[in-house]
Each structure stands twice: as C-alpha cells, then as structure tokens.
Amino acid sequence: MLYNIGVTTDIIVYEEIIMAETITAISTALGEGGIGIVRVSGPSSKDVMRILMNNRIENIEARHAYLGKVYNSDNSVIDEAIFIFYASPASYTGEDMLEIQAHGSNISLKEILNRVLDCGVKDIRMADPGEFTKIAFMNGKMDLSQAEAVIDIIKAKTDLSLEIAEGQREGRLGAAIKEIRDNLLNVLAEMAVNIDYPDEDIEQYEYDGLINKLRWVLSDVDQLLDTASIGRIAREGIKIAIVGKPNVGKSSLMNALLGEGRVIVTDIPGTTRDTVEETASLGGIPIVLVDTAGLRETDDKVEKIGIQRTEHAIAAADMIMLVIDGSKEIEDEDDEILNYIGNINGDSIIVVINKSDLGNKVDENKVIEKMPGATVVTTSLVGKDVIESARKVSEVIGNKIDTGYIKTGNNNIVSNERHIKMLKNADMNINESIEMLQNGDPIEVAELSARYAYDNLGQIIGEDVGEDVINAVFSKFCLGK
Amino acid sequence: MKKQDIQIYDVIVIGAGHAACEAGLIASRMGMNTVMFCTDIDSVAMMPCNPSIGGTGKGHLVKEIDALGGQMGINTDKTFIQSKMLNTSKGAAVHSSRAQADKHRYHEEMLTTINNQQGLELKVEEITDLILDRRDNISAENSATVNGVITANGNEYYSKAVIICTGTFLGGKIFIGDNVKVSGPADLTPSTELSKNLYSLGLPLRRFKTGTPARMLRDSLDYSKMKEQKGDEKIVPFSFMNEGKKYDIDQISCWLSYTNEETHKIILDNIEKSAMYSGNIVGVGPRYCPSIEDKVSRFRDRKRHQLFVEPEGLDTDWMYIQGMSSSLPENVQHDFYSTIPGLENATIVKPAYAIEYDCIDPTSLKPSLESKLINNLFCAGQFNGSSGYEEAASQGLIAGINAVRKIREENPLVLRRDQSYIGVLIDDLVTKGTNEPYRIMTSRAEYRLLLRQDNADRRLTGIGYEYGSVSEERYRKYIEKKEKVDREIERLKHKGTDRNTFYELLKRPEFSYDDLAEFDDETRPELTETEKTEVEVEIKYEGYIRKQIIEVEKLKKLEEKILSEDIDYNSIGGLRLEARQKLSKIRPITLGQASRISGVSPADINVLLIWLEKERRNKNTCS
C-alpha cells in the first residue's frame, strides 16, 4: 500500500521560494601540483562567476574558457584562473556548473573556495562527499550500470570524512567545539525551560542575561574563527618534528620528502649537530621539517643536550612524525618515545612504519591503541619504492593539514574549509539570536536561531541536536507535577 | 465457560480512556460499526491524574485534535471550570491554552457523546485475548491479521480492525510505600489476562511507571495561607467550532503554596520507605513528572518546591495537589503534607501512589499506528509509551482514522513533523522509540513557528476533510475563517496611515492588531481572537516563518521519497551494518523518516537515494 506523504497544508506562503541549492568543493586531489579546480554546481553558478570576476564579463557564454583574475570582496586578487561555465543540462551534473581552474596551490584553492562560499549568492554550501557524482546520477547523466560505482564513490568519500569527524571528536578542535557547545546548550536549556514550563518556580530569564551569555559563546566562536585564516598558515608555516630511535630511517624519510619533487627545498636556515631543519613547501604550504636525535635516557652529558633539544623540537612542533623500524619488534627505546609523545593529541601525530621491504613485525593496531587519533603510514625508503613512499607520506601530511586542527606555536588553526563554513554559520546564527533578543522579539524565535548554531557546531564533530536540549532541561531544572 | 453469540463489528476499540474515545468516535463518524470495551463504566474519559487539559505543547495537541474532527476540545469547552492562556509574555507560537477540567462532568459529557453517536456501542466487558486469522498468509512479514477479541466471559466479537487503548490498566500495579496491589488507576479493575496473551503473540511489551499526588478534602485546607491563581478574563475556547462564542462562567481558582525545609527533612528521613527507592518498582518513570522524593533528593540545594492545589470539579470536594506525587507510605505522606502552609490540617481522602503498567515498544508500530507484526491491529495512547490525556487522544484519533482507511484499502493519514505536533509525537514514538513515558514539548518541534494554536485549522482541517475525518460543517466554517483571514491580511497591505500601510505598522514590535482599530475605517472586519492572532502573527513574523518554510522544503524532498515495506535492506550494497539492522527493524516509510533513525547516517541516505533511483529506472526499462 502506498502512503500519501504529500498531504498539503494551507500555510500562507508569501512568494514562491526557490529551493535549489548551489554546492561547491575543490575537486582535485590535495597536494597535487599543476592545476587545481574549484567546482560549483547549481542555479547560482553563473552569479558566482560574475561576482568572482568582478562583473568583467558582460555576457557569459557557456563552454567558453575565460582567463581572468579571481577577486576578493575587497577587490584584492586571489589568483589568476580559467573560468568555464556550463549551462544545464549540458554539464557533468546536469545542472548549471562553473569550473574555476587555478594554480594547484592549496592555499589559493582554499581561498577561492572560501570566496565562493562567501560571495553572497543564495543557498550556497559545501558539497557533501561524492555529491557532484550523486547529482549527476540522479539527473540521468550516468547509466544504470554505474550505480554501484556511484555508491562506492559516496561511501569511500564519506568513510574518509567520517574518519576525520571521528578524529575531530577526540582531537583538539573537538574539545574546543564541545566546550562552546556545552555553554550554548546551557543557554538553550534556559530558554527552553521557560517556554515549556511557564508555571514552574524557576528563575525567570531576562533578555539581558541571555544576551550576555550568548555573547560569551559568540566570542569563543569568533576566537576559533580568527585562527581560521588560511593566510596565517601561509605566513607561519607548519613545523613537523621527525622523531625515532637511530637507524630507523628518519634522514632517509626527510631526504625522500625533500627529493621527491612534491616537497621543494626553498631555504636552509641552519643545521645543528642534534637537529636538522629544512624548510620546504607542500602544495603551497610552507613546511619546516625537523630531524631530531633520539630520546633515550642517558647519563652522558653530551647526549643529554641532544635529548633536550629533541624535547624542545617536539614541544615547538605543530605535527610529529614518529618513525619506527617495521622489520623489528617494538623495542624499549621505541616505547620510550611512544610514551613520551603519547600525551600529545593524536590528531597531530603521524606514525611512519618504515622498512616494509624487510617484512612487518609491528602491529598497527597496537600503535593506534597507544596514540588514538594518530595516522599510520607504511613506507619503504629503498630503490624505486622511495617515490611512492614519499608520495604517501606527503599525502598524509596534506590530509592532516587540510582536515585537522593544527597547533602553530601557541595558536590553534582551523584549516578545514567545511569547518570554517560551519563556524561562520554558527557565528551568524548566534548573532541573529542576539539581535532578535535586542529587538525584543519573542524568546521562541530567538531560541530557534541559537539552536541552529548549536546544530552548526555539532556538524563539525558529527553530532546532531537530538534530545540534548530536553536532557539538559531535565538535568538542570527541577520540574514536574 | 459457555460460548455466547458471535457478534460482528467493523472496528473494536479496547479501552474507554482518552485515546479510545477519540478512536471510537471518529471510526463511527466515518461510517464504521464500532464497539468500545471497558472494564468499568467510570473509566470512560476518566482523568486519573491532574484535573486539567492543555498546557505547553498539549494545548497545541488539543487544537490539532479539534481541527481534525476530534472530540476533546469540544467537550472541554463544555465542562471547563477555569481557562488560562500560558506563555502570553512570549510569542504567539508558544501561546498554549490550558483549562482546569471538571473531571466528573468531562466524563459525563463524553459518555453522553458516545451514547448519542450513531454506530457506536459501549460495552463493559474485559477483553482477554485477540482472535487472529493466520490463513491469509500473503505477506511473509506479517504472519497474521487480527479479526476479533475474546472477553473474560468467553464471548467472541469479530471485526475488521482492533484498536488497543489500554492505558495504565494493562497489568496495572499500584504502589504506596510497601503496599503493593494489582489494580488499575483510581482503584478500578485492571486488565490482567490480556497482557499475557499479547506477550505470547510476540508483541514487545515492557513496564512503565507513573505517579499521582494525594487528593484532599476541600474544607480541610486553609486558603488564607496560599496564593490564589485565577483564570483569564478573556476566554479562548479550544474548539474552532466555538470560536467567537462568549463564555460567561464563574471560574474556580487554584491555589499556590510551597514546601519548606521541614517538608524536605521528613521526606529525606523516610526516603528508603518509598517504593521507588526500595526497588519494588521495575518500571521506568518519566523525568518530567518526578515524585516529590525525587525532586527533594536530586535538587538538595532547593529550599522549596512549589505546589498547586487544584479543584477536581464542581460536584466534588476533592482537591488535587499538583507537584507532590509520591510513593511514600501513607503516614509519611500525612507528616510531610501537613508541614505545608495551608495543608496543616488537611484530610487526605486518597494518598499519592505510583502505578506500573504494561505498554508496547512503539518502534514495533508503523507511522499509521498499525502493528508491524499483526495486520489491522492498531495501538494508541499510553499503551504506546506516551503519557498525558492529550497525547493519548491524539493517537487515538489517528489510529481510529487509519483503522477505517485500512478497512477501506485507502492510504493512511501520516502527518509530517512540519504539519503538526501530532506528527512530531507519532514520528518520535515510532521512529526513535522512547525510554520513558513520552510527553510532548514545544522543544521537540523543529518547526515551532509554523505549528501554532491559532493556525491548527489551517494546517489540518483541509487534510482531515480529504481523509474523511472532518464534517462538512467544520470544513465550511474553516474555509470561511481562512478566507476572512487571508482577505484581512490583503486589506492591511492597502490600507494605512499617510506614511505606512497597516501591514508595515504591524511588523513593528510595538503595534498589535487591536492598536490599529482607532486608525482604521469601516472596512475593518469583525474578527475573533484566534483570527486576530493569526493575522497578526502571519504579518509580524513573516520573515521567520518564511525561514522555517525553507527548512521544511528541504526536508520535504526526502519525505516525498517513498520506501516500500518489503525492501530487503541486507541486499543493498554500500549500507553500513548498523544502518541495515536499524532500517530492517524500523522499516521507515519515507527517506525522511529513515534519516531520523539514530544509526542511519547521511551517507546511508545517499546510498538509499541512488538505490531508489536505480530501482525506478530498472522498473521503467522492464515495463
């Protein structure tokens, strides 16, 4: 039996609401050189192009390659790029589409993407994993035999982003978001209890109090957003300490990364006996690689200095790359290092299990157990395997930078554009809620905006509102007949 | 026992509480030959707990029941003794009506309504078992169809559909301190055999618990020590049929008092004597309805808790002590109640008690409230794990409508979350299930600004008419009101002062619709309170309402994708294991419902979307 879901209500609709959303994403793999593409699909595609090119093209022709500058809102230039507009239905997704082909540097692609998201057209958002392909399939752009492949693409991409979200929940960003969310939840509970229990003997909320509490939450969100500038990473670079006991292949790894071509040596600021630093660039992001001495406990005075330097390097690093000799069982010295860095958050640790050409005696799971959130990669740094290994490691570094929450010096940086967008949405919604309260709008209207903000923050760590507000109401307040 | 005559009906309703009354009335009004069974005539529309109808969220439910052709609003309007609009200091979306009910008169009024209803019979007989027809084994999933009931006297009644609304009667057990007895609420006969038999049919039953405070004699209380709580001067009726009607009644007051540290000390000193703490009660109680011992021990820093003394009716001396439910022994109750100002010399006519009862895991129900296990068996009310008269009545109405539609082989009425609180209530129950007796709250509704009391008819009466539950008379009245409101909104766009239209003025927070009267001319129409509210709200909050409609439109895309009942989720590659298990258990009817199941991720929804599209194209190429 068919269920009729389309029962209609007579709610007054003031004007026709155009529902279709426009989506966007960087659609080339990260860290790959040459050209990178930002894709836009949906009804606002043409407007995006017009805005980004500062209205320099009168009549945009479909399937025509326009060379032009990508302008920021302040008229500064982000990059030079080729814009191609595809008119529906003759496009990959079947919708109106825009492709912006720019230089492959991560930074400029991310800046273009952020510009697209903030350019002011209606209903634009980051694409979900595999969404371009999904739309293409739904619009009949692919035949039936490709359906399984489409599912696989969505699944693979989603699994990756789920993994990232899992990591976030445990990681530093997760902790920061959770704290903000908890504070916001308290305000929400206060609003909700007053709406649902007007008769109860509860301290009546005052708009001023709520506004103040929301402002606190807002300032926390803003603080995170302040660090979200991509430019900052560009200026300060990311420092990666390579640690491990002697002879596990730290230097080979460093050389492989430097020599493999994707990471380019740009400067040699100085070497010391105990740590070697190299500055390089990965997909446009400056990277400082620090090769360190061991951490073995010793009475030897000279060695002690070396250990101290290593400890400093670890403390100053934004990311740690631990190298283990995979052809041997884990030794005490490995354990010492594992224990030493074990209290550092896993989201900034990469474990390289090296010498896979000589067999593998190290259990990955055991390593992960000790450092939850860390990413493990297996390498071999001899012969022709070097290039492939270096590629794997730089991809992992790139992913960490792209998806993670990086600590540079004393600052934390939100570096993932989806997270930045969610933070901006949360910021907007909290602001709106404050504004409504200031206007004297009804509490239940202001509460809705605050609730949307709570949801925005939850999406960063993969959690939805669910019964959170109701649970908070019952745990905080004494209610009931 | 000797078998009696066999009798045949279209619809059988087990129970006579708030769910059962709505179910029985609507089924018979939709033309079905219907019978209701109760164990005691006093249980008809009985209010075993608080003497009030409505409240936050609940008032919305009553308006929605009314808009769909139900009875609760009409009978409350006939019998209420005090009327109040809650949350008037807030926006119109959360304005909630609440009436103090006259328990006895409400019961009498409903009994009269039932007796006067053509095609509806009420019988006092305990139902002990269902009669199943296992021959029509068409679908593998549902192995049986219900086609009747057996009574304790051995009578058999046959029907095309059965609706279970057993409330707290099923396997009922009452606790007062150490004292435990098998009983329904208010000492009425419980239903004991039936739950055993339902259990053996494979229905997933479990135990829930709830409680009610003491009743006291009116003249034994000292009202000078309590604060009077009067009703509103302006009375807004529940039923849209009574709109504009003038109510000239003497409203009865309620009284406010507080516990104190002495009360708390007595409770804490005796806490181990409470049935809740001794471990006698296994059922799960609701968080929003804690006993006084629970409140005192959980919130130890609170110096006082408030309580309301509410009259149970005009013809009774009983007063209900709201806020003070308990399962402590009678003597302890006496001690702590007498520490409260105004209650020092109170005569307790009925002590507070806790009640435990059998109910079903509502995730075993379809959104139509039909059982997934037994065809044509519908379930409603407290039996489904909800709590509250209004929640029960809402489900009873929907179960009644859908039983009729099932018999007629028509599609069921499934209300969406953006259309009604009833939709939120049922969707929560059947999709997410509940671990405690479920109460509606405005916080549960995502589309709160759309789901207002004033526009309940606009949201639902048209639907009810289409689905057969709304009478011609109600529908005509609704159309008139709707046109009147629409015309007035349009008029306000064109009239105004020299500088602004009224429409623009109404958008400002400081102007109400009534304020405009002195600037208006003879074209200003006579509007009822509800109509005024609707006009005002639709204009004032246009921006916010529109924002919510955009959210709804996004959701609707998923709600329009239908998932058929026989999908084998295990055969769909790409779904995660947890999603397969949850989808197989809940069997959502739309992709929207699937997306609300915990454990089903957005990626799983995308996989289902692709799969559905694949199936659609496959079908097109085959035919």
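**Exercise 1. Locate Arg587(B) in this predicted model, then describe its backbone and its surroundings.**

Step 1: Find the two helices on either side. Arg587(B) sits in the loop between helix 17 (577-586) and helix 18 (591-595) of chain B.

Step 2: Look at the backbone. Most residues other than glycine have a negative phi. Arg587(B), however, has a positive phi, near 50°.

Step 3: Is Arg587(B) buried or exposed? Its relative accessibility is 19%, and buried means under 20%, so Arg587(B) counts as buried.

**Exercise 2. Visit two loops of chain A and say what is notable about the backbone in each.**

Step 1: Start in the loop between strand 3 (65-71) and strand 4, where you will find Asn75(A). Asn75(A) is a residue other than glycine with a positive phi, near 70°.

Step 2: Move on to the loop between strand 4 (77-86) and strand 5 (97-103) of chain A, the place of Pro89(A). The peptide bond joining Ser88(A) and Pro89(A) is cis, with omega about 0°. For background, most peptide bonds are trans.

**Exercise 3. Work out how the buried residues of helix 10 of chain A are arranged.**

Step 1: List them. In helix 10 (residues 332-341), the buried residues are Glu333(A), Asp334(A), Ile337(A), Leu338(A) and Ile341(A).

Step 2: Look down the helix axis. These buried residues fall within an arc of 140°, so they line one face of helix 10.

Step 3: Recall the geometry. An α-helix has 3.6 residues a turn, so residues three or four places apart point the same way.

Step 4: Turn to the face away from the buried side. Here helix 10 carries the exposed residues Asp332(A) and Asn339(A).

Methods. Residues are numbered from 1 along each chain as its sequence is written. Chains are lettered from A and ligands numbered from 1 in the order in which they are written. This is a predicted model: local features need pLDDT of at least 70, side-chain atom pairs count only at pLDDT 80 or more; totals for chains, interfaces and linings use all residues. Side-chain values use heavy atoms; hydrogens and water are left out. Helices (H or I, at least four residues) and strands (E, at least two) are DSSP runs, numbered from the N terminus. Buried means under 20% relative accessible area, exposed over 50%, partly exposed in between (1.4 Å probe, protein chains only). The arc is that of the directions from the helix axis to the C-beta atoms.
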